[in-house]
Amino acid sequence: MIARIMKPLVTMRIPGLIVLLLCSFVGLNAQDTEKAYGPLIVWEKSSHDLGDVVEGEKVEHTFRFRNEGNAPLIITNVQVTCGRTTPKGWTKDPVAPGASAEITIGFDSAHKIGRQNKVVTIVSNAANADKAAQIMFSANVLEKKVPNEP
């Protein structure tokens with residue numbers, strides 16, 4: 001008797017559960033589509049090793065990126081973590097969808113010895129800014145040899 005009562009309830013709940021699950025997947029796909037809409041910054045290479053640098057040398061590296069989104073990408077600021085790291089330049093003009101641009105970062109190794117790891121934060125309107133907002137570089141700063149005086 002209980003089986004006869006429960007069978008219609010179970011058969012009614014299974015289709016409802018299937019509909020609920022399908023709606024959940026559609027909702028997740030809609031969220032992914034919303035995130036993909038707009039400018040997307042994609043780095044050619046988001047980190048770079050400058051190798052060995054002698055203390056006091058000034059070096060720089062250019063990071064290249066592409067806007068793989070469907071709206072113009074605007075870089076509003078480039079933030080560095082130390083006074084010896086300098087953003088040398090970036091485009092102030094919007095980067096069109098499909099276009100490429102670059103950001104040059106300088107590093108002054110004066111008063112630094114050993115392994116240096118630096119992070120640069122890119123402030124932009126990119127839809128994927130939470131994942132692509134930082135670029136990094138490293139250098140091994142060697143102590144400058146002072147010649148022996150007679």
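This is a short walk through one chain, from its overall layout down to a few individual residues.

Okay, so before anything else, please keep in mind that what you have in front of you is a predicted model. Let me start with the overall layout. We have two helices and eight strands in the chain. If you read along from the N terminus, the elements go α-β-β-β-β-β-β-β-α-β. As for burial, 29% of the 150 residues in the chain count as buried. And here's a number on how the chain comes together: take the contacts between residues at least 6 apart in sequence, and 68% of them join residues at least 24 apart.

Now, the sheets. Let's take the one that contains strand 1. That's an open sheet of four strands, ordered 1-3-6-5, and the pairing is antiparallel. At the edges you'll find strand 1, residues 41-43, and strand 5, residues 85-90, each pairing on one side only. From one strand to the next, the twist averages 30°. If you zoom in on strand 1, it pairs with strand 3, residues 58-67, in the antiparallel sense, over three bridges. One spot to click on there is Val-42, whose bridge partner in strand 3 is Arg-66.

Then there's the sheet with strand 2 in it. Again we have four strands in an open sheet, here in the order 2-8-7-4, and the pairing is mixed. Its edge strands are strand 2, at 47-54, and strand 4, at 75-80, and each of those pairs on one side only. Ignoring direction, neighbouring strands in this sheet are turned by 20° against each other on average. So where does a parallel pairing show up? Between strand 2 and strand 8, residues 134-142, which run in the parallel sense over six bridges. To find your way in, look for Asp-49, which has Ser-138 as its bridge partner in strand 8.

Let's move on to the rings. How many aromatic pairs does a search of the whole structure find? Two. The one I want to show you is Trp-43 with Phe-65, and the geometry is edge-to-face, with 5.2 Å centre to centre and 65° between the planes. Trp-43 sits in strand 1 and Phe-65 in strand 3, 22 residues apart, so this pair links distant parts of the chain. Are the two rings' residues buried or exposed? Trp-43 counts as buried because its relative accessibility is 13%, and the cut-off for buried is under 20%. Phe-65 is buried too, at 2% relative accessibility.

While we're on rings, have a look at Trp-90 as well. Lys-92 lies over the face of Trp-90, 3.7 Å from the ring centre.

Last stop, Asp-108. You'll find Asp-108 in strand 6, which covers residues 100-108. Asp-108 is a buried residue, with a relative accessible area of 17%. What does the side chain of Asp-108 reach? The backbone nitrogen of Ala-110, at 3.0 Å. And if you leave out residues up to four places away in sequence, Asp-108 touches Gly-56, Glu-57, Lys-58 and Arg-84.

So, to recap: there's an antiparallel open sheet in the order 1-3-6-5, a mixed one in the order 2-8-7-4, an edge-to-face pair between Trp-43 and Phe-65, and a buried Asp-108. That's all from me, thanks.

Definitions and conventions. Residues are numbered from 1 along each chain as its sequence is written. This is a predicted model: local features need pLDDT of at least 70, side-chain atom pairs count only at pLDDT 80 or more; totals for chains, interfaces and linings use all residues. Side-chain values use heavy atoms; hydrogens and water are left out. Buried means under 20% relative accessible area, exposed over 50%, partly exposed in between (1.4 Å probe, protein chains only). A polar contact is a pair of N or O atoms within 3.5 Å; within protein, one must be able to donate a hydrogen and the other to accept it, and residues adjacent in sequence count only if both atoms are side-chain atoms. Contact means heavy atoms within 4.5 Å. Two strands pair if DSSP finds at least two bridges between them. Axes are lines fitted to C-alpha atoms, for helices over the stretch in contact, and angles run from 0 to 180 degrees between N-to-C directions. Rings of Phe, Tyr and Trp (its six-membered ring) pair if their centres lie within 6.5 Å; planes under 30 degrees apart count as stacked, over 60 as edge-to-face and the rest as tilted. A charge sits over a ring if NZ of Lys or CZ of Arg is within 6 Å of the ring centre and within 35 degrees of the ring normal.
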